[in-house]
Amino acid sequence: SVLRVRDFEIHAGYLSLEQQAAMVAVLRECLAQAPLFQPVTPRGKPMSVRMSAAGEFGWISDRKGYRYERAHPSGVGWPRIPDTVLSIWRDLAPGARDPECCLINWYDGSAKMGMHQDRDEADLTHPVVSISLGDDALFRMGNTTRGGKTDSVWLRSGDVVVMAGAARRAYHGIDRVRPDSSTLLPKGGRINLTLRVVT
Ligand code: MD3
Ligand code: FE
């Protein structure tokens, strides 16, 4: 079922449990090559979300700033974007250029992501596709400028969200994760994948 909240297109239950489990298995291989790391903000504050990436570029935050890089902080190249992940992009963003980055965000039960805009990409007319796996998360959607009214929705394992149009430039964040709401990940927590065109 597709739910539209403003310009956000939420495909609830897009992935079957089997598809979700297969995706977790290929993500483990990605993370073996490019392990999760804890980014720090340019001001030196550690983020609560752990991150890695697949694709030509990954997103990095450290004391030097925010940017896309061709290598993991360890120096190794990012793994390829798994085909099962790429096929979701091609289904839901038909006609768009293939993504150059699959950002992998991992949340434990106390991680959150403050309201922000994604604007480190060169061309904000390309859509972003987000895939949720594991524990439920409270996703908050705001406006293209900071402040104003927001709408919140719980994202569940297997849900896919497409951000195009005004949603692509909207402020958004994750207020909290509901621990133990899914059994997909053996140690619990939540994985969010975001597919992006970067250049
Ligand atoms: C709206 N991730 O990685 S996914 C992010 O669940 C990010 O990890 C959250 O915000 C997460 O930047 C939210 C939904 C999402 C992702 C990217 C967007 C919404 C977006 C980019 C532009 C606009
Ligand atoms: Fe974001």
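Okay, let's start with helix 2, residues 83–92, where the buried residues are Val85, Ile88, Trp89 and Leu92. If you look down the axis of helix 2, those buried residues fall within an arc of 100°, so they line one face of the helix. Flip to the other side of helix 2 and you find Asp83, Ser87 and Asp91, which are exposed. Before I go on, keep in mind that this is a predicted model.

So what do the buried residues of helix 2 pack against? There's one helix on the list, helix 1 (17–33), and then a set of strands: strand 2, strand 6 (101–107), strand 8 (128–134), strand 11 (160–163) and strand 13 (190–196).

Let me pick up strand 2 from that list, residues 8–11, because I want to show you Glu9, which is found in it. Is Glu9 buried or exposed? Somewhere in between: with 19 C-beta neighbours inside 10 Å, Glu9 counts as partly exposed, since a residue needs 20 or more to be called buried. Leaving aside residues up to four places away in sequence, Glu9 touches Val2, Arg4, Val161 and Val162. And here's a long-range one: Glu9 and Met163 are 154 residues apart in sequence, yet their C-alpha atoms sit 6.6 Å apart in space.

Met163 comes up again at the ligand, so let's go there. How many residues surround ligand 1? The shell has 17, and the closest are Asn105, Asp118, Ser130, Met163 and Asn192. As for where the shell comes from, the elements giving two or more residues are strand 6, strand 8, strand 9 (137–141), strand 11, strand 12 and strand 13. Split by class, the shell around ligand 1 has 10 nonpolar, five polar and two charged residues.

Strands 9 and 12 from that shell bring me to the last stop, a sheet. This one is an open sheet of four strands in the order 7-12-9-10, with antiparallel pairing. At the edges are strand 7 (113–116) and strand 10 (151–155), each pairing on one side only. From one strand to the next, the twist averages 25°.

Zooming in on one edge, strand 7 pairs with strand 12, residues 172–177, in the antiparallel sense over two bridges. Which residue in strand 12 is the bridge partner of His116? Another histidine, His172.

That's my tour: helix 2 with buried residues on one face, Glu9 partly exposed, ligand 1 with 17 residues around it, and the open sheet of four strands. Happy to pull any of these up on the screen.

Technical notes: Residues numbered from 1 in each chain as written. Chains lettered and ligands numbered in written order. Predicted model: local features only at pLDDT ≥ 70, side-chain atom pairs only at ≥ 80, totals over all residues. Pairing = 2+ DSSP bridges. Axes fitted to C-alpha atoms, helices over the stretch in contact; angles between N-to-C directions. Buried ≥ 20, exposed ≤ 12 C-beta atoms within 10 Å, placed from the backbone. Contact = placed C-beta atoms within 7 Å. Arc of directions from axis to C-beta. Near = placed C-beta within 6 Å. Nonpolar A, V, L, I, M, F, W, Y, C, P; charged D, E, K, R; others polar.
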